[in-house]
Each structure stands twice: as structure tokens, then as C-alpha cells.
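Trainee: Hi! Could you walk me through this one from the start?

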Amino acid sequence: MSAPSQAEKTIVIVGLGKIGSLYASCYGEAGHRIRTVDIGDGADWERVAQVPDPSAVDAWVVATPTATHLAVVDEILRRQPDARVLLEKPACYPEDLAGLGHTVRRHPRARIIVNDVYSHSEAVQRFAASVRELAGFDPIRKITVEFTKNREFDVANGRFVDTQYGEAGYEGFHMLSILRAILPSAEYRRYLRTVPSSVTAEMRVRTTAPGIPEVELYTSSTGAIAFPELAGFAFPERVSADFITPSAIPYGSEFRYRFADVELFSGKHVTLVFEPFFGSEPDHKNIHAVHLRDAAGPARHFLIAVNHFKEALLTQLDLLQHLDEGTTVVRPAEHRFLAALGSAMFTGTFPQTTENEKFARIGSEA
């Protein structure tokens, strides 16, 4: 799937940190007119209130720290009540979910989308299509998703650490996007409502419940690999020897072990592996693979060459232009689920959600 071609638009990016700069680069390279808001040097304005003629802004991007998202969205909608807003994930902290819901209701003409890169990734979509094709006659037994990277060097150099979503704040939303692409919607909603069977401090989340396949999500920011056997086969021999066989990504390495594996009842596996050509291809970050394996013969695979971050940003910009007024896609149930995981990792107890946390007029509850 290629991103749609788009006429030049005026885009205001609020927040020029690492992620905001990536937005500016992507949209600028696509030919859009970029304006920026940040208190640091280099931005066009320091505050949203200083942006002239907000009615001429085609889209806003909010890429400030999570704790400020609600206040920034409020300020944007005060100045442009029908604004189109792409909000970096997480949408807000758990205690602000109700406030964000109130903001949505006060501005019924606004369109707000939370950035969801993997939902718009061609690699994920082709993987999910392969799973659906086989699962029609060979049901899913287990889904395993692992996103592991050693982030200790990043943290030592000032990378933001999420103190509320915890480990889930790094990769949890991405993993849920993949799970949402695989499971039928009713099963996915049931998954989000199910208390996991176990949650570890490293964020290994195992869920077993009637009516859904077994699901195991795992992410580590210290480089500890949990499932080397499920995707290690897809990497060059040297990468396997250096990282996967010892199940440890060392401090300072850029290697990322990211995959999604679906085991069917027959024993077949469908495995999506991100960046399997690390160390052997200059453009390895933009090459991904889907493998179909069983005990009867060698694996079959196909490659997807795509920059899914850039693809997703352009696709979501186009989506914002065509959404009906009042359409908001925030997925509060996912935010509540990941907030509960963060709490469970800190306290050992998975909290129950409450009815008063739910949004009204949200485009997608999941």
C-alpha cells in the first residue's frame, strides 16, 4: 500500500523534540508547508496562541511531552474549533482521559487521531491478511509479540522515561496495533477487558481466556530477549550469534528484535519480522518479512520494503482531511489497558477499569 499523493498543506507542529522533528522532516519532504511551535530555539512561535490565522492551518501535530497533550489540544481547539489534530501517542496520561473526553464533547466539529504507525503499516496489513487466510480453516492457537531493544544508552542520554505507562509506554501501543490487526474486533475487545494471567516487571504479559487465543506480549528496554526461537531464524548468522543466541542486546547497540508470531492449531506459524537484514543491508530499517513455516518443509517468505513511519504519517494526514466533523479516534480502552499494565508492573496488581473513564462520542472504543 503506497501513501496517497497530497496537495500542499499548511501543517503546524507543536513540539520540536526528536519525534516532532521526524514529523517535520517527513511532511516537509512530502512538499507540505511546515510551521513549528516550541519554547526552544529554531521554532516559528513559542506558543499556539501566537500562530496567526489558525483557520488557514490544514492540520496540527501535537508532539509535546505526554503530560502537556491535553492542555495543547485545548488551546488548539479554542483557536480553531474545527481543527484536524494528529496527536502523538499516548494521547494523554490516564488521569486526563476523562478531560480529553470533555474536550472532544465541547468541540463537536474537531477531528482528532492518535498516531498509530503499525495500524497503517503495509507490513502489518499483509501479515494480518496472511493470518486471516489460513485461520479461516486452521484456527489461531497462540499469538506472541515481542519488541525488544536495549534503551539504557538512550535513557542515559536524556531519553524520556514514562513514569505512568511504564515499560508499556515504549512499545505497548505498537504491539496492540498488531494484535488488533490479527484478531476479529469482538475478540480484540474481549482481550482488552480480560485481566492477564500474569504480568512481570519486564512486561511479559500472558493472557488466557475462553473465546480468544492465548496471547503473550513482551517488551524489554534492557535488551533481554524472551523468544529467540520464534524469529531468530530470520536474521543473518552473525546477528543471531551476537544477539539472539545469547538472548541479550548489549548496551549501546542499535539492534531491535521485533516480531509477531501466530501459531495455528496445525502447528504452522506465520511470523512477521521487522528489520531482519540488520547488519547486512544499508536500508535495513525499511525492509520487513513475513514467513510461513511448518514442520513439513522449508519456510516460505515474502519481503515488504516500506518506511512504515513515513507511510503512516502521510496516510493519517490524508485521513484527517476526509474524516467527518466530530470524528475522533483515540482508542481509550487501549490507553486504560496499558495504564493498568503499567500499574501492575509497579505494584503487582492489575486494576479494574471504571465506567466513568469511558469516552462519549469517540470514533473507536478499542
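Mentor: Happy to; we'll go through the sheet, one helix, one arginine and the cores. This is a predicted model, where local features need pLDDT of at least 70, side-chain atom pairs count only at pLDDT 80 or more, and totals for chains, interfaces and linings use all residues. Residues are numbered from 1 along each chain as its sequence is written, and side-chain values use heavy atoms, with hydrogens and water left out.

Trainee: Cool. What's the strand order in the open sheet of 6 strands?

Mentor: The order is β2-β1-β3-β4-β5-β14, with parallel pairing. Strands (E, at least two residues) and helices (H or I, at least four) are DSSP runs, numbered from the N terminus. Two strands pair if DSSP finds at least two bridges between them.

Trainee: And which are the edge strands?

Mentor: Those are β2 (33-37) and β14 (328-329), each pairing on one side only. Strand β5 (residues 111-114) is joined to β14 by 2 bridges, and Ile112 has Thr328 as its bridge partner in β14.

Trainee: Which strands does helix α1 touch?

Mentor: Helix α1 (residues 18-29) packs on the sheet against β1 (10-14), β2, β3 (59-62) and β4 (84-87). Contact here means heavy atoms within 4.5 Å.

Trainee: New topic: how many residues are in helix α10?

Mentor: Helix α10 (residues 308-322) has 15 residues. At its N-terminal end, Asn307 acts as a cap, with a side-chain oxygen 3.2 Å from the backbone nitrogen of Phe309. That is a polar contact: a pair of N or O atoms within 3.5 Å; within protein, one must be able to donate a hydrogen and the other to accept it, and residues adjacent in sequence count only if both atoms are side-chain atoms.

Trainee: What does Arg84 contact?

Mentor: Arg84 lies in strand β4. Leaving aside neighbours within four places in sequence, Arg84 is in contact with Asp58, Ala59, Trp60, Arg111, Leu320 and Gln321. A polar side-chain atom of Arg84 is 3.0 Å from the backbone oxygen of Leu320.

Trainee: Last one: which residues touch the most other members of the largest nonpolar core?

Mentor: Of its 49 residues, they are Phe127, Ile143, Leu176, Ile178 and Tyr191. A nonpolar core is a set of buried Ala, Val, Leu, Ile, Met, Phe, Trp, Tyr and Cys residues joined through side-chain atoms within 4.5 Å, and buried means under 20% relative accessible area (1.4 Å probe, protein chains only). The largest share of this core, 8 residues, is from helix α11 (residues 332-347).

How values were computed
Buried means under 20% relative accessible area, exposed over 50%, partly exposed in between (1.4 Å probe, protein chains only). Axes are lines fitted to C-alpha atoms, for helices over the stretch in contact, and angles run from 0 to 180 degrees between N-to-C directions. The expected span of a helix is 1.5 Å times one less than its number of residues.
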